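Work through the exercises below with the structure in view. Try each task before reading its solution.

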Amino acid sequence: MTLTKRHTPLRASQSDDDVIIGASSAIEVHGTAERLKDDLRKGAETIREARKSAERPWWKMGRFLFPLGIIVGTLVGFTFVEPEDLHDIHTQVTLMMADLGVSVPQLPDLDFSRVEAEWKRLRNSIPELWKFNNDGREFQVGEAFKARGLDAEYPVILIPGIISTGLESWSTSPDYRAFFREKLWGGFNMVSQVTFNKEKWIAAMMLDPVTGLDPPDVKIRAAEGIDAASMFIQGYWIWSKIIENMAVVNYDTNNLYLAPYDWRLSFFNLEERDGYFSKLKSTIELFKKRQKRKVVIAAHSMGATVVLYFFKWVESPEYGNGGPNWVEDHIEAYISIAGPQLGVPKAIAAFLSGEMKDTVQVNPAGAYVLERFFSRKERQKLFRSWAGSASMWIKGGNAVWGNGVHAPDDECNATHSHGQLIAFRQSQAETAIRGETSRNMTADEASDWILKHTPSTFQKMIATNYSFGIERDEEKLKKNGNDPVKWSNPLEVQLPHAPSMKIYCVYGVGKETERSYWYARGEYEHDVASADSTSPECHEPSAEGCHSPHAETLDLPLTRKNWIDSDYSSDETKPKVQNGVKLGEGDGTVSLLSLGAMCVEGWKRKRWNPAGIKVTTVELPHQPNPSIPRGGANTSDHVDILGSTRLNEIILEVATGAGDKIQDSFVSDIQEYAKKVLWDDDN
């Protein structure tokens, strides 16, 4: 059977339904294409907008920033050029190009006097903090004295305060070789190390808690020479203003000496490790031998305490062996500049919680950065290892700083007494829940509590180096002259027998200063810095462990967190409270009681001043110029006072032999406050 393929003939035409379906398909394809084109257009527009937004504006482009950098760099470089040197620039460029074999066409002679005048006017208008060079104004006090015919009379020794002296590394161990001869305290290098190498910096700066000296493989020493404390960092002067004015009246390195020291060390270890007091004694003796004149000592802040210690050390037969009349024979005058004779309350807060007004009053962003870089625990640990800072501990206890009811420097109608050095705010609800209250503490109680709840190494350091009481018995005061532990406390030792020596107490007043504190407390915690036992005590300072003469145990256990109650501020109370700090009178750092009480009252009594040394007190009101970052000529801030015109005048008056013109000058109520101090047993 033959199979045949069946062919279906093609239709000449399609039905209406077929036409409709075909048309619909065509339209659908066309619509899809249009949508695709729209999507592509939108995508292109999105890409163009993204590119446009990614493009930097013209002021952020390299073509603008590079020339701007050159211009700014040139201007900064010109800040180091003195006006009178401008006309030499072309000559210097010509010589330099000649060395390179490049010929520079000779310019016609130009008159640069107008340029110099305008340049000097511009530099004079720059705020003082931002000037890199001197403009001549720094020498005005010296020029005035020179015009009066006054000249260098007595050799002068300057002794800086706490943290003023730069510290540099002499460590050669592999871990610290990168720091060799670099400043770990002072200068921009310190900022770099703290920022990028904090742990290593802390390890280098912290002292051994047992010996109070350098830890293993670390060697930090005070920088030497005038530059050691002239400036803290470039542009932030400390002693440079005084040095500049003294240079005008013919002081130089032959009759002017700055005695830097490692302020971290206890005074005993300053001599033990560095021979500091021996070098100071030799320098004074050399000055007298060469200049045929006795020496003037000017000491700032902690340096004033160093000088008092030195006076007792140098005449001690066991240590300095200078004889009982050494000070009388070698010292013409002693100028105490913002000297914390009786300590500072901020030392208590620093050792208790690692805080002070400077740390709790920063803005939230600053507080975050501070806590991130240096937590309270880290600051507390550093403070407790620096035995030198313990010399700032408040002295005299309740007799000077007040009891729980009243303090000598309380305001009239005070709502809270400064005598409660550390006080707690606690709600009734919290008391009901916990069933306990926080006990407010006076100066004596706060000191006892901190010492009783710290490591035995810290207690031993305190007990073997410092004493903070008050001694009223004259016979015991004489015996204390042989006890180095007492020498840094003017209430427990007598001034040297130097009737011809003069003492000048110069300090600022009128700036709010931390005086006492509101504290808060939190939960219990395990503290690696806690005391070694519940009641650590020993009776021989040389024995292993601690020495704690404090018998009474107060309410607060060490293992509870304590911090300044920074949430509490009030301008209505007396005293005013800012971020948990109760403010009083002073120079911004040291309380008025500490600055002036010994000068106007304590040293006026034969008990502490048996030779009758004349003590003159000059108070400088704090009147800063708001347009100058550091206050200008009339500031009396604790540090910036070193640049004040009146202080510079006083130093030059004493140094040039015109000190007899200086008279007592008071702008505060320190005389009234000092009379309220319990100087006598029968008060």
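The exercises go from the whole chain to single contacts, and they rest on a predicted model.

**Exercise 1. Describe the protein chain as a whole.**

Solution.
- Step 1: Start with the elements. The protein chain has 24 helices and 16 strands.
- Step 2: Turn to burial. Of the 683 residues in the protein chain, 48% are buried.
- Step 3: Look at contacts between residues at least 6 apart in sequence. In 75% of them, the partners are at least 24 apart.

**Exercise 2. Decide how helix H22 is placed relative to the rest of the structure.**

Solution.
- Step 1: Find the helix. H22 covers residues 592-600.
- Step 2: List its buried residues. They are Leu592, Leu593, Ser594, Leu595, Gly596, Ala597, Met598, Cys599 and Val600.
- Step 3: Conclude. Because 9 of the 9 residues are buried, H22 is largely enclosed by the rest of the structure.

**Exercise 3. Work out how helices H9 and H11 are oriented and which residues join them.**

Solution.
- Step 1: Locate both. H9 spans residues 267-274 and H11 spans residues 302-315.
- Step 2: Compare the axes. They come within 10 Å and cross at roughly 70°.
- Step 3: Classify the angle. Roughly perpendicular runs from 65 to 115 degrees, so H9 is roughly perpendicular to H11.
- Step 4: Name the partners. From H9 come Phe267, Phe268 and Glu271. From H11 come Met302, Thr305, Val306, Tyr309 and Trp313.
- Step 5: Sort them by class. This contact has 6 nonpolar, 1 polar and 1 charged residues.

**Exercise 4. Classify two of the aromatic pairs.**

Solution.
- Step 1: Note the total. The structure holds 27 aromatic pairs.
- Step 2: Take Tyr176 and Phe179. Their ring centres are 6.2 Å apart, with 50° between the planes. The pair is tilted. Both residues are buried.
- Step 3: Take Trp185 and Trp201. Their centres are 6.4 Å apart, with 25° between the planes. Planes under 30 degrees apart count as stacked, so the Trp185 and Trp201 pair is stacked.
- Step 4: Check burial again. Trp185 and Trp201 are both buried.
- Step 5: Place the second pair. Trp185 lies in strand E3 (residues 183-185) and Trp201 in helix H7 (residues 198-205), so the pair ties together parts that are 16 residues apart in sequence.

**Exercise 5. Find the charged ends that sit over the rings of Tyr176 and Trp237.**

Solution.
- Step 1: Look at Tyr176. The charged end of Lys200 sits over its ring, 5.4 Å from the centre.
- Step 2: Look at Trp237. The charged end of Arg630 sits over its ring, 3.7 Å from the centre.

Conventions:
Residues numbered from 1 in each chain as written. Predicted model: local features only at pLDDT ≥ 70, side-chain atom pairs only at ≥ 80, totals over all residues. Heavy atoms only, no water. Axes fitted to C-alpha atoms, helices over the stretch in contact; angles between N-to-C directions. Helix = DSSP H or I, 4+ residues; strand = E, 2+ residues; numbered from the N terminus. Parallel < 35°, antiparallel > 145°, perpendicular 65-115°, else oblique. Contact = heavy atoms within 4.5 Å. Nonpolar A, V, L, I, M, F, W, Y, C, P; charged D, E, K, R; others polar. Phe/Tyr/Trp six-rings, centres within 6.5 Å; stacked < 30°, edge-to-face > 60°. Buried < 20%, exposed > 50% of the residue type's maximum accessible area, 1.4 Å probe, protein only. Lys NZ or Arg CZ within 6 Å of the ring centre and 35° of its normal.
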